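Here is a short tour of one protein model, written for a first look. Keep the structure open and find each residue as its name comes up.

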Amino acid sequence: MDAVLPSGMTRRRVELRIVKPAFAWFARPTVTIDGVGHPAQWGTGTWAVPDEGTTALGVYLFNRAWRFGAASVTVTASDDVLEYRGGLLPAGPGRLRSV
């Protein structure tokens, strides 16, 4: 497994749009890149991924009581923009898809 280079050295970026559900239950999103979690915010952001090969990218929501809405995809070279939508209720998976 290739490690992600420091922020300024990686040329490949993926835009991730994290849409807040109507009832977020005080949840905050977390983005995982190859299994490593990174805190995130609602809205649009860019994430550095390895320049070559595929990368496992996932998003889940958490609050002080539980973790929910997990979704993941394998990012290829053709995926530049992804969108995550959490479920309406804090049960079940979220949706992460290429836009």
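Trp 66 has a relative accessibility of 37%, so it counts as partly exposed. This value, like every other here, comes from a predicted model. Phe 68 has a relative accessibility of 7%, so it counts as buried. The cut-off for buried is under 20%.

How far apart are the ring centres of Trp 66 and Phe 68? The count of aromatic pairs comes to 1. In it, the centres of the Trp 66 and Phe 68 rings are 6.1 Å apart, and the planes meet at 45 degrees, so the pair is tilted. A pair of aromatic rings is described by just these two things, the distance of the centres and the angle of the planes.

Arg 67 has a ring partner too. Arg 67 lies over the face of Tyr 60, at 3.7 Å from the ring centre. Tyr 60 belongs to β5, and there it stands opposite Thr 30.

**The sheet with β2**

Now turn to the strands. Strands of a sheet pair through backbone hydrogen bonds, either parallel or antiparallel. One open sheet has 4 strands in the order β3-β2-β5-β6, and its pairing is antiparallel. β3 and β6 are at the edges with a single partner strand each, so one side of each has no neighbour in the sheet. From one strand to the next, the twist averages 25 degrees.

Look closely at β2. This strand covers residues 28-33. Of its 6 residues, 5 are buried, so β2 is largely enclosed by the rest of the structure. β2 and β5 run antiparallel and are joined by 6 bridges. Ile 33 stands opposite Leu 57 in β5. β2 also runs antiparallel to β3, with 4 bridges between them. Thr 32 has Gly 37 as its bridge partner in β3.

**Two loops with positive phi**

What joins β2 to β3? The two strands form a hairpin with 2 residues between them. Asp 34 lies in this loop, ahead of β3 (36-39). Asp 34 has a positive phi although it is not a glycine. Asp 34 is 24 residues from Gly 58 in sequence, yet their C-alpha atoms are 8.3 Å apart in space.

Phe 26 also has a positive phi without being a glycine. Its place is the loop between β1 and β2. Is Phe 26 buried or exposed? With a relative accessible area of 82%, Phe 26 is exposed, because the cut-off for exposed is over 50%. Asp 34, with 25%, is partly exposed. The table sets out the values for both residues.

| Residue | Phi | Relative accessible area |
|---|---|---|
| Phe 26 | near 60 degrees | 82%, exposed |
| Asp 34 | about 50 degrees | 25%, partly exposed |

**The sheet with β1**

Another open sheet has 4 strands, in the order β4-β1-β7-β8, with mixed pairing. Here β4 (43-48) and β8 (95-98) are at the edges with a single partner strand each, so one side of each is left without a neighbour in the sheet. The twist averages 25 degrees from one strand to the next. β1 pairs with β4 over 6 bridges, in the antiparallel sense. Within this pair, Leu 16 stands opposite Gly 45 in β4.

**The nonpolar core**

Which residues touch the most other members of the largest nonpolar core? They are Leu 16, Val 31, Leu 57, Leu 82, Tyr 84 and Leu 96, out of 18 residues in this core. Several strands feed the core. β1 (13-19), β2 (28-33), β5 (55-62), β6 (67-75) and β7 (81-85) each supply at least two of its residues.

Take Leu 57 as an example. Set aside its neighbours within four places in sequence. Leu 57 is then in contact with residues including Leu 16, Val 31, Leu 82 and Leu 96. Its contacts also include Thr 32, Ile 33, Ala 71, Ser 72, Val 73 and Val 75. One of these, Ile 33, is the residue opposite Leu 57 across the β2 and β5 pairing.

Notes: Residues numbered from 1 in each chain as written. Predicted model: local features only at pLDDT ≥ 70, side-chain atom pairs only at ≥ 80, totals over all residues. Heavy atoms only, no water. Core = buried A, V, L, I, M, F, W, Y, C linked by side-chain atoms within 4.5 Å. Buried < 20%, exposed > 50% of the residue type's maximum accessible area, 1.4 Å probe, protein only. Contact = heavy atoms within 4.5 Å. Pairing = 2+ DSSP bridges. Axes fitted to C-alpha atoms, helices over the stretch in contact; angles between N-to-C directions. Phe/Tyr/Trp six-rings, centres within 6.5 Å; stacked < 30°, edge-to-face > 60°. Lys NZ or Arg CZ within 6 Å of the ring centre and 35° of its normal.
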